[in-house]
Amino acid sequence: MYRRWSGPNLAGMGVCLHRGRRTAVYVGALVFATGSLGTIPTTATASPEHAPSHSATAEVSGATPSRLTATGLTRANDGRSLSDVGITANASLRTTPARYAPGTPLDIRVAGTLDINATANAVCHGLELTVMRGAIRLGGRLSSPDRSPIIAGETRVEPVNLAFDLPVDDVPTTGNISVDIALQCSPVIDGTWDFPGESSVVATTTIRAASGTVIVTPGWVFPDADDAKEARVTAGTTGGKSTIRVKRGTKTVWTKKTSKSRINLAIPTSTLSKSGTYTVLVRGDGKTARTTFRVSKGWAPLMSEPAHWERCSTITWTYNDAQAPRGGDRQMIEDLTRTFDLYERLTGLTFVRVKEGPGDIVIDWANLSGQADGWGGASGYAGILSGGSLTLSTTSRWAKTPGDGVDGRGALLNHEVGHTLGLGHVTNDRELMFPIHTGGVSPLTPQKGDIAGLRELYAPANCP
Ligand SMILES: [Zn+2]
């Protein structure tokens, strides 16, 4: 969008009228860059034993689901275990998270089978999976196993497939999460269940938060964007002190020490004063995790993830005069041609006007604001969402004034075509992509930051 200001009471000085219609809908997902510290052993096997408490553990981390085998583990609250009454169960389970980034919800999946063997006829009543953090129950699922009697000597294969979603506040970056699998069975003696309290098979898998995953969001930072988002580093360690270091090249530009296991810090924009690739290093637990993010100064993309046309390609444009003010279409084509010629030199793209449309970029007219009589108000808007579009306001005197001089619409067209190529607004009023145009003061053509953005998006030097 572009507004022109030359109100009589303000003598042509730059005044921010930042209100009204946005240039485009901002879409796109945040870019997450992740890195992780090494891996933690993911397999453990428990040997048969009659233990009164949890007996098998596995540490789970990173992208690899863990496999846990628990053989004949029994626990009984009444002094008798399942094996005492002739029932054994072997658990073969996988627990996921595929990747657990601290500061995000944790999705735990437990899948596999329980093999239940009975020397006497038996019935199993319940299968319960419980997610614990220490002594605190975070969540659980109860399922009903097959309740038909298991005949002595048979093996019953009981599927296990349960999911838990733990809220972010419940997910520790330090300590363990355990998943208890409890199976309750009873022998059937003389046609009746002997149900001696709670006899359970318990297998425990211990999930340890992946240590040192680092996320920087957004992954591409534009400090001059009129909706600039700060760079935030999110990380987790498994305890102790950690150091967060931000580097540009080999030079450290910011350091922070913390004893928190869950790290969520904003990187001050003053440390991001130069364009380039920055590295974030988080050192904790004697290990270092790192990720990178990019900073672009002087310009901003129209969308949170820079969208652009294919580099070095040919882009067609059409002029739709359906709602155009009377007369002046020939001058309109001249003004648009001059603008596209300018951008051809700055982008390496080739712009071709086609009379039968729609072209890749469509220029048309509409009554945009109802308030845009004279110079003020929204004179045009443009975007690059599904192709490029550029609409001029039929109520704007500026849009209707031909030429590229101080009063002409050339600067308006240059600004709006900048949007159709993917440029967004910036806070520096010396750049063409500043949203308010002050007659006689504002630039008429792309400036240093605008050109830097076009270079970043289109790399014109690499075009043949
Ligand atoms: Zn604009």
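Two strands count as paired if DSSP finds at least two bridges between them; strands themselves (E, at least two residues) and helices (H or I, at least four) are DSSP runs, numbered from the N terminus. The structure is a predicted model, in which local features need pLDDT of at least 70, side-chain atom pairs count only at pLDDT 80 or more, and totals for chains, interfaces and linings use all residues. Residues are numbered from 1 along each chain as its sequence is written.

**The open sheet**

Select Val 221 and Val 295 to begin: Val 295, in β22, is the bridge partner of Val 221. Strands β16 and β22 run in the parallel sense and pair over two bridges. Next, extend the selection to the whole sheet, an open one of five strands with mixed pairing, in the order β16-β22-β21-β18-β19. At its edges are β16 and β19 (251-258), each of which pairs on one side only.

Move to β21 (residues 276-284), which pairs with β22 in the antiparallel sense over nine bridges. Which residue of β22 is the bridge partner of Val 280? It is Thr 291.

**The nonpolar cores**

Keep Val 280 selected and add Val 214, Val 216, Val 233 and Val 282; these five have the most contacts inside the largest nonpolar core, which has 53 residues. Such a core is a set of buried Ala, Val, Leu, Ile, Met, Phe, Trp, Tyr and Cys residues joined through C-beta atoms within 7 Å. A residue is buried if 20 or more other C-beta atoms lie within 10 Å of its own, exposed if 12 or fewer, and partly exposed in between, with C-beta atoms placed from the backbone. The core lies between domain 1 (2-26 + 303-462) and domain 3 (212-295), because both give residues to it; the domain bounds come from an automatic or database domain assignment. A second, separate core has 12 residues, among them Val 110, Leu 114, Ile 150 and Cys 185.

**A cis peptide bond**

Select Thr 217 and Pro 218. The peptide bond from the former to the latter is cis, with omega near -10°. Pro 218 is in the loop between β15 (214-217) and β16 (220-221).

**Helix α1**

Select residues 329-347, the 19 residues of helix α1. From first C-alpha to last, α1 reaches 26 Å, close to the 27 Å expected at 1.5 Å a residue, where the expected span is 1.5 Å times one less than the number of residues.

Which residues of α1 are buried? They are Met 332, Asp 335, Leu 336, Thr 339, Phe 340, Tyr 343 and Thr 347. These residues lie on the same side of α1 because they cover an arc of only 130° around the axis, taken from the directions from the helix axis to the C-beta atoms. They pack against β23 (314-319), β24 (350-353), β25 (361-366), α3 (410-420) and α4 (448-458). On the face turned away from the buried side, pick out the exposed residues Arg 330, Asp 341 and Arg 345. Gly 348 follows α1 and has a positive phi, near 80°.

**Positive phi outside glycine**

Finish with two residues. Cys 312, in the loop between β22 (287-295) and β23, has a positive phi near 65°. Cys 312 is partly exposed, with 15 other C-beta atoms within 10 Å. Ala 459, in the segment after α4, has a positive phi of about 40° although it is not a glycine. Ala 459 is partly exposed, with 13 other C-beta atoms within 10 Å.

Definitions and conventions. Contact = placed C-beta atoms within 7 Å.
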